[in-house]
Amino acid sequence: MKKEELIKALSFLSDILSQMTDEEFRALVQGKLRWVLEEKEKPKEKAEKPAAAEGKPGFADIEAFLATVRDEAEARAFLAAHPSTKTNANLLALGRALKAPVKSRQRKDELIQAIVRHTVGRRLQSEAISRVTAHEGHNS
C-alpha cells in the first residue's frame, strides 16, 4: 500500500469515527458493534444522460440559425446564451452532430469557437471564394 493510499484510508476512517456517537464508539471498541462493509452505489449519471439527450431535439433551431447567420461573433453569442448549449456535454454533442472538430477536453468557449468556425466560418469563407471565382470568370 502506498503512503497516499494509507493516508486516504485513515482520513476516511477518521471521518467515520467522528460521526459516531460516544455510545457507538464504546460499543465498537468493546466488540459489541460490528462494522459491516457494504458497497455504496454510484450516483446514476446514466439516468441523467437521457435527460440531456432530450435537449438534442433543440439542436434543430441551433443548426438552422448557424446555417443563416452572417456574423461569427453573433453566432458565438447565440451559442453561449442558448439553453440547449449551457453544458459542455451538450456543446460536444452539438459539435459532433455537426461534424465539427470538437474534443471532450475543450472548455466551453473553445467548443463554441470550434462549432462556429466549422459552420459559420466555413460557409462564409466558401461564399467569399465563390463570389471571387464567379467575378473572375466574368472578367475573362
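# A helical protein, from surface to core

Let's start on the outside: Met1, Leu6, Leu10, Leu13 and Trp35 together make a nonpolar surface patch of about 530 Å². One of these residues, Leu13, sits in helix α1, which covers residues 3-19. Keep in mind as you explore that this is a predicted model. Its secondary structure consists of 7 helices and 0 strands.

**How far to trust the model**

- The average pLDDT for the protein is 81, and 82% of the residues reach at least 70.
- Confidence is highest in helix α6 (residues 88-97), where the mean is 91, and lowest in helix α3 (residues 45-54), where the mean is 49.
- Across residues 49-55 the pLDDT falls below 50, and this stretch has 2 contacts in the model beyond its near neighbours in sequence.

**The overall plan**

- Reading from the N terminus, the elements follow the order α-α-α-α-α-α-α.
- The protein has 140 residues, and 23% of them are buried.
- Among contacts with a separation of 6 or more, 43% link residues that are 24 or more positions apart.
- About 11000 Å² of the protein is exposed, and carbon and sulfur atoms supply 55% of that area.

**The surface patch, once more**

- Why does Leu13 count as partly exposed? Its relative accessibility is 32%, so Leu13 falls between the limits of under 20% for buried and over 50% for exposed.

**The nonpolar core**

- Here is a useful general idea: in soluble globular proteins, nonpolar side chains tend to be buried together.
- In this model, the largest nonpolar core has 19 residues, and Leu66, Leu79, Leu94, Val102 and Ile115 have the most contacts inside it.
- Helices α4 (59-68), α5 (72-81), α6 and α7 (108-139) each bring at least two residues to this core.
- Helix α7 gives the most, with 6 residues.
- Which residues does Leu79 touch, leaving aside those up to four places away in sequence? They are Ile62, Thr85, Leu94, Ile112, Ile115 and Val116.

**Salt bridges**

- Side chains of opposite charge can pair when their charged atoms come close.
- The count for this model comes to 5 salt bridges.
- Glu72 and Arg76 form one of them, with their closest N and O atoms 3.8 Å apart. The two residues are 4 residues apart in helix α5, so about one helical turn separates them.
- Both partners are partly exposed: Glu72 has a relative accessible area of 26%, and Arg76 has one of 29%.
- Arg107 pairs with Asp109, and here the closest N and O atoms are 3.1 Å apart. Arg107 is partly exposed at 49% relative accessible area, and Asp109 is partly exposed at 44%.
- In helix α7, Glu127 and Arg123 are 4 residues apart, about one turn of the helix. Their side chains meet in a salt bridge, at 3.7 Å from N to O.
- Is each partner buried or partly exposed? Glu127 is partly exposed because its relative accessibility is 25%, while Arg123 is buried because its relative accessible area is 18%, under the 20% limit.
- Salt bridges with shared partners connect Arg70, Arg123 and Glu127 into one network.

Methods
Residues are numbered from 1 along each chain as its sequence is written. This is a predicted model: local features need pLDDT of at least 70, side-chain atom pairs count only at pLDDT 80 or more; totals for chains, interfaces and linings use all residues. Side-chain values use heavy atoms; hydrogens and water are left out. pLDDT is the predictor's confidence in each residue, from 0 to 100. Contact means heavy atoms within 4.5 Å. A nonpolar core is a set of buried Ala, Val, Leu, Ile, Met, Phe, Trp, Tyr and Cys residues joined through side-chain atoms within 4.5 Å. Buried means under 20% relative accessible area, exposed over 50%, partly exposed in between (1.4 Å probe, protein chains only). Patches are made of residues with over 30% relative accessible area and no salt bridge: like charges are joined within 9 Å, nonpolar side chains (Val, Leu, Ile, Met, Phe, Trp, Tyr) within 5 Å. Accessible areas come from the Shrake-Rupley method with a 1.4 Å probe; for residues, only the protein chains shown count as cover. A salt bridge is a side-chain nitrogen of Lys or Arg within 4 Å of a carboxyl oxygen of Asp or Glu.
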